[in-house]
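I sat down with the sequence and the 3D view and kept a few notes as I went. Here they are, in the order I looked things up.

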Amino acid sequence: MNKLSIRNLRFATLGLAFSLILAGCAGDPLESGVDPFAPMIFKEGTTAMPLNPPNKSTLVPFYVSMTTTFKFAIDTDSILVGADGITRYIVVLTSPSGSQQSQYEGIRCDSYQWRLYGTFDNGKWQENPLGTWKEIKRSVPNRYQAALAQGALCDLNTQVKNINTILQSLDPSKFTGGTQPTNSFGIQ
């Protein structure tokens with residue numbers, strides 16, 4: 001082989017190697033802009049207000065804390081486990097004087113947040129146009145969102161997707177949402 005043929009063969013081999021390297025980069029997430037390990041961006045689905053008031057026959061009371069003065073109940077017929085990671089529900093709050101307020105809310109387990117979608121006033125649901133996602137407070141007396149998240153709707157930071165599991169967790173004899181987490185020695 002002459003020098004020119006060897007040189008051309010080297011350039012062809014180098015060109016082929018370079019082409020293979022570029023082809024390998026085409027599937028690189030940094031090159032394509034799609035990173036399978038990047039955090040998912042939350043996109044909330046559409047939320048429609050309930051059509052009916054809370055169903056008194058499906059209201060299940062749940063324990064919140066020793067320091068609360070209110071009573072709380074969730075309408076089990078209203079619980080919707082959303083594909084967007086939000087569990088929506090109707091909750092009824094009863095004050096010590098007996099007055100009640102019904103609210104339509106949602107809980108996100110992944111970020112431990114809640115949102116008020118609307119309230120039931122004068123026989124119809126009123127949408128809350130200023131509703132935003134708020135942190136669920138764990139150490140306030142009326143911590144009912146924390147009780148629902150811890151006791152029924154979330155498994156740590158993951159949404160419970162099975163409605164039967166949620167309903168079993170809401171059974172008053174099994175509900176643990178009002179219990180502060182303890183360490184392995186039983187100390188709170």
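**Entry 1: the early strands**

How many bridges join strand β1 to strand β2, and do they run parallel or antiparallel? I counted four bridges between β1 (residues 59–62) and β2 (residues 71–81), and the two strands run antiparallel. One pair I picked out was Val 60 of β1, whose bridge partner in β2 is Ile 74. A reminder to myself that the model is a predicted one.

I then followed β2 to its other partner. β2 pairs with β3 (residues 86–94) over seven bridges, again in the antiparallel sense. Here Lys 71 stands opposite Thr 94 in β3. The hairpin of β2 and β3 has four residues between the strands, and Gly 85 takes a positive phi near 90° in it.

**Entry 2: the whole chain**

With one corner in hand, I stepped back. The protein chain has four helices and nine strands. Reading along the sequence, I wrote down the pattern α-α-β-β-β-β-β-β-β-α-β-β-α.

What share of the residues counts as buried? It is 35% of the 188 residues in the protein chain. The accessible surface comes to about 12,500 Å², and carbon and sulfur atoms hold 58% of it. I also looked at how far contacts reach: among those between residues at least 6 apart in sequence, 46% join residues at least 24 apart.

**Entry 3: the hairpin of β5 and β6**

Next I went to β5 (residues 113–121) and β6 (residues 124–127), which run antiparallel and are joined by four bridges. Gly 118 stands opposite Glu 127 in β6. This hairpin has two residues between its strands, and Asn 122 takes a positive phi near 50° there.

Gly 118 came up again when I clicked on Ser 102, which lies in strand β4. Is Ser 102 buried or exposed? Its relative accessible area is 10%, so Ser 102 counts as buried. Setting aside neighbours within four places in sequence, Ser 102 is in contact with Pro 54, Val 91, Val 92, Gly 118, Thr 119, Phe 120 and Trp 125. I kept a general point in the margin: in a regular strand the side chains alternate between the two faces of the sheet.

**Entry 4: the disulfide**

How many disulfides does the structure hold? I found one. Cys 109 and Cys 154 form it, with their sulfur atoms 1.9 Å apart. The pair links distant parts of the chain: Cys 109 is in the loop between β4 (100–108) and β5, while Cys 154 is in strand β8 (residues 154–155), and 45 residues separate them.

Why do I call the disulfide left-handed? The torsion about the S-S bond is about -80°, so the disulfide is left-handed. I checked the cover on both ends as well. Cys 109 counts as buried because its relative accessibility is 2%, and Cys 154 counts as buried because its value is 9%.

**Entry 5: helix α3**

How many of the 10 residues of α3 are buried? Nine are, and I noted the helix as mostly covered. The buried residues include Tyr 144, Ala 146, Ala 147 and Ala 149.

I singled out Gln 145, which has its place in α3 (residues 144–153). Gln 145 counts as buried because its relative accessibility is 8%, which is under the 20% cut-off. Not counting residues up to four places away in sequence, Gln 145 touches Tyr 89, Glu 105, Ile 107, Trp 114 and Ile 136.

**Entry 6: where α3 meets α4**

At what angle do the axes of α3 and α4 cross? They cross at roughly 115° and come within 8 Å, with α4 spanning residues 163–170. On the α3 side the contact is made by Leu 148, Gly 151, Ala 152 and Leu 153, and on the α4 side by Ile 166, Ser 169 and Leu 170. I sorted these residues of the contact into five nonpolar, two polar and no charged.

My last stop was Ser 169, in helix α4. Leaving aside neighbours within four places in sequence, Ser 169 is in contact with Gly 151, Ala 152, Lys 174 and Phe 175. The C-alpha atoms of Ser 169 and Leu 148 are separated by 9.5 Å, and the two residues are 21 apart along the chain.

Conventions
Residues numbered from 1 in each chain as written. Predicted model: local features only at pLDDT ≥ 70, side-chain atom pairs only at ≥ 80, totals over all residues. Heavy atoms only, no water. Buried < 20%, exposed > 50% of the residue type's maximum accessible area, 1.4 Å probe, protein only. Contact = heavy atoms within 4.5 Å. Pairing = 2+ DSSP bridges. Axes fitted to C-alpha atoms, helices over the stretch in contact; angles between N-to-C directions. Nonpolar A, V, L, I, M, F, W, Y, C, P; charged D, E, K, R; others polar. Areas by Shrake-Rupley, 256 points an atom, 1.4 Å probe, with all protein chains shown as cover. Disulfide = S-S within 2.5 Å.
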